[in-house]
Amino acid sequence: MSVALPTDGVLVDRYGRVARDLRVSLTDKCNLRCTYCMPAEGLPWLAGPQLLDDDEVIRLIRVAVTRLGVTEVRFTGGEPLIRPGLVGIVTAVAAMSPRPRISLTTNGIGLDRLAPTLRAAGLDRVNVSLDTLDRERFTRLTRRDRLDAVLAGMAGAAAAGLTPVKVNAVLMRGVNDDEAPALLRFALDHGYELRFIEQMPLDAQHGWDRASMVTADEILATLRSAYDLIPDPAERGAAPAETWLVDGGPARVGVIASVTRPFCGDCDRTRLTADGQVRNCLFATEESDLRGALRSGADDDELARRWRAAMWGKRAGHGIDDPTFLQPTRPMSAIGG
Ligand code: SAM
């Protein structure tokens, strides 16, 4: 364990973890209403002046990339494709030196149209969320009849070279937990890389229940009824997904088991919300206000200093299984998943 907050250099915490991966939420709004994420009527959205404008987003990312050692920038939300300035932001980040890898987590709606432009702007790859292949189920789960648009978005991303296209799926008991093998078949047939995410206590409705969530062990057991899975020999590093080779490989499937197999000890992430708050964990209960500092005239050194101080306070683990665990007040859609 380190004892003193560093005054320069990378984003390190007192346990020696270094954050290289920055998740940037570009909006808290979304054009879907996934039942496990948002209520049907939406949420009280951040007001316009609360949101960082494009230049402010770019400036904070530049501080992270050029002063704090961030090497990977992932845009998320809400739904990042609905941010009007997205292409300009990607272009500016791709011009930074050293150039970070740039990716995007999206529900895929509109991606068929936008993928070539985003690729040309410098986007490297995408993660697209898809929890079911059944149209009626999709409509019930997301409260929108947009399955075709999501599938077209994935295909458009692959055609534009935003690869590997990773597919994120959350399984819920009695809702879509019978679909794991079909989702994997779909991903294998299309050359996408599927990752199942254990459902986490981050929903605005506070409906998450540890006892009924679908666990990594269950997901793997269901997949093994249809496929041969062997642990991926590749080094995992700080990746949230644990991966398996499917039927001898090279295709892989991943499980992000944040709840039952937490990987906090290897976490290399830092997060910036759409309203300019730094969070050092999805489950953090504290945030550091970079927007206020930036708008009151802080220079880049000062912004970097505040970011380092925020990282220094990162807890050893998210503590979901701790009896004192408190769900953060911000839901997933307002943090950036
Ligand atoms: N709108 C984009 C999308 O659909 O990918 C980006 C934001 S969304 C919050 C990012 C990811 O978080 C999605 O894959 C979604 O399924 C996942 N997600 C949302 N709520 C979750 C929860 N409570 N537990 C686990 N994953 C969740």
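A residue is called buried here when its relative accessible area is under 20%, and that cut-off is the one to keep in mind while reading this predicted model.

By that criterion, helix α1 has E56, V57, I58, L60, I61, V63, A64 and V65 as buried residues. The cover over these residues comes from several parts of the chain, including the strands β3 (21–25), β4 (72–76) and β12 (269–272), together with the helices α2 (86–94), α8 (290–295) and α9 (300–312). The length of α1 can be checked against its residue count: because a helix is expected to advance 1.5 Å a residue, the 14 residues from 54 to 67 should span 20 Å, and the end C-alpha atoms are indeed 20 Å apart, in agreement with that expectation. At its N-terminal end the helix is capped by D53, of which a side-chain oxygen lies 3.1 Å from the backbone nitrogen of D55. Just after the helix, G69 adopts a positive phi of about 80 degrees.

From the helix we turn to the ligand, which is surrounded by 18 residues, the closest being Y36, G78, E79, S129 and M200. In terms of residue type, this shell divides into 6 nonpolar, 10 polar and 2 charged residues. Among the contacts with polar atoms, an N or O atom in the side chain of Y36 is 2.7 Å from an oxygen atom of the ligand, while a polar backbone atom of G78 is 2.9 Å from a ligand nitrogen. The backbone also takes part at T106, where an N or O atom lies 3.3 Å from an oxygen atom of the ligand. Taken alone, the ligand would expose 550 Å², and the protein buries 94% of that area. The elements that contribute two or more residues to the shell are β5 (101–106) and β7 (166–170).

Strand β7 also holds N168, and this residue allows a closer look at the strand's surroundings. Is N168 buried or exposed? Its relative accessibility is 8%, and it therefore counts as buried, since the cut-off lies at 20%. Leaving aside neighbours within four places in sequence, N168 is in contact with T105, N127, V128, S129, L130, D131, R195 and I197. With one of these residues, R195, the side chain of N168 forms a side-chain to side-chain polar contact of 3.4 Å. Another of the residues in contact with N168 is S129, which is also listed among the closest residues to the ligand.

Notes:
Residues numbered from 1 in each chain as written. Predicted model: local features only at pLDDT ≥ 70, side-chain atom pairs only at ≥ 80, totals over all residues. Heavy atoms only, no water. Helix = DSSP H or I, 4+ residues; strand = E, 2+ residues; numbered from the N terminus. Expected span 1.5 Å × (residues − 1). Buried < 20%, exposed > 50% of the residue type's maximum accessible area, 1.4 Å probe, protein only. Contact = heavy atoms within 4.5 Å. Polar contact = N/O pair within 3.5 Å; in protein donor to acceptor, adjacent residues only side chain to side chain. Near = heavy atom within 4 Å. Areas by Shrake-Rupley, 256 points an atom, 1.4 Å probe, with all protein chains shown as cover. Nonpolar A, V, L, I, M, F, W, Y, C, P; charged D, E, K, R; others polar.
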